[in-house]
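User: Hi! I'm new to reading protein structures, and I'd like a close look at one part of this one. Could you walk me through it?

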Amino acid sequence: MNQTEPDFWVLEYVTITKDPRTGLVVALGGTEQAADILQQTGGFLSAPGPRGDYHRLPHGLPIEQQRLKATTASHALLAAGHSVHLDPALNMLATPDGDRDAAMRYLTQLAERASAAQTSSAVAEVLTEVAAPVHGLLPLTREVIVRAWIAASDLHGAAPGEEPEPLARLGSTANSLSEATRVVLHARNHAARRTQPPATAPAPGRAQAPASRRR
């Protein structure tokens, strides 16, 4: 008796991932039904490609919005019977990533916020994250450098002021980070102030003569 493989209702595979070159979240593969689901539940847009149409999220979406839309679309596709691969970095429901991955996403998000800033106050908000006195990135990084410097000096058995040059330079790097924090905070305060554009001075040689001397 010959046995045949059963028929399974498996639709074309869909991959949702983030293109490393453009930073766009794209969806590749799928049927017309999958395309409808991507557009209706995830807000994906149809775009022509060299190998046929594909779908992508709009430009300029914050990272958390990208993850939310990609996760929502993938679960809607799964519920409709489609086979889906969702990039783990876009899955909001996945087990939390390691601390390093979370830190990398945070830095990427700050860079995107800086690039998308349209007001001085928006720039100031990003700079505050960088140089806030207690929880800013630069002060926290300085704390790491200082502790590493102290630990390395203790392990080396060096007395204060007698460290080898690499360790001494590590200590001076901590001072450089303090100065960098001060510079960034100064720029942050400048950006946070609402300044009026300077009045345009008349060009040299274009001033009008007094009325009494006009002819």
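User: Which side chain meets R182 in a salt bridge, and what is the distance from N to O?

Analyst: Happy to! One thing up front: this is a predicted model. The partner you're after is E179, and its side chain meets that of R182 with 2.7 Å from N to O. Both residues sit in helix α6, which covers residues 165–192. They are three residues apart in the sequence, and that is about one turn of the helix. How covered up are they? R182 has a relative accessible area of 48%, so it counts as partly exposed, as the cut-off for exposed is over 50%. E179 has 39% relative accessibility, so it counts as partly exposed too. As for the general idea, side chains of opposite charge can pair when their charged atoms come close.

Your pair has company, because a search of the whole structure turns up four salt bridges. Let's set two others beside it. R67 forms a salt bridge with E64, and their closest N and O atoms are 3.6 Å apart. Here again both residues belong to one helix, α2, and are three residues apart, about one turn. The covering is worth a look, though: R67 has a relative accessible area of just 10%, so it is buried, given that buried means under 20%. E64, at 35%, counts as partly exposed.

The next pair is E125 and R113, whose closest N and O atoms are 3.8 Å apart. This salt bridge links distant parts of the chain: E125 is in helix α4 (residues 120–131), while R113 is in helix α3, and twelve residues separate them. E125 is partly exposed at 46% relative accessibility, and R113 is partly exposed at 32%.

Now let's zoom out to see where those helices fit. The chain has six helices and five strands, and along the sequence they follow the pattern β-β-α-β-β-α-β-α-α-α-α. Of its 215 residues, 25% count as buried.

Some of the inside is nonpolar. In soluble globular proteins, nonpolar side chains tend to be buried together. In this model, the largest nonpolar core has 17 residues, and I16, V25, L38, F44 and L77 have the most contacts inside it. The elements giving two or more residues to this core are β1 (14–18), β2 (25–29), α1 (32–42), α2 (63–79) and β5 (84–86). So α2, the helix that holds R67 and E64, is among these contributors. Apart from this core lies another one, of eight residues, including L127, L138, V146 and V184.

If you'd like one residue to click on in the largest core, try F44. Leaving out residues up to four places away in sequence, F44 touches a list of neighbours that includes I16, V25, L38, H55, R56, K69 and A73.

Not every nonpolar residue is tucked away, either. L68, M92 and L93 form a nonpolar patch on the surface, with about 290 Å² of accessible area together. L93 sits in the loop between β5 and α3 (99–116), and its relative accessible area is 63%, so it is exposed. For the chain as a whole, the accessible surface comes to about 15500 Å², and 56% of that belongs to carbon and sulfur atoms.

Note on methods:
Residues are numbered from 1 along each chain as its sequence is written. This is a predicted model: local features need pLDDT of at least 70, side-chain atom pairs count only at pLDDT 80 or more; totals for chains, interfaces and linings use all residues. Side-chain values use heavy atoms; hydrogens and water are left out. A nonpolar core is a set of buried Ala, Val, Leu, Ile, Met, Phe, Trp, Tyr and Cys residues joined through side-chain atoms within 4.5 Å. Buried means under 20% relative accessible area, exposed over 50%, partly exposed in between (1.4 Å probe, protein chains only). Helices (H or I, at least four residues) and strands (E, at least two) are DSSP runs, numbered from the N terminus. Contact means heavy atoms within 4.5 Å. Accessible areas come from the Shrake-Rupley method with a 1.4 Å probe; for residues, only the protein chains shown count as cover. Patches are made of residues with over 30% relative accessible area and no salt bridge: like charges are joined within 9 Å, nonpolar side chains (Val, Leu, Ile, Met, Phe, Trp, Tyr) within 5 Å.
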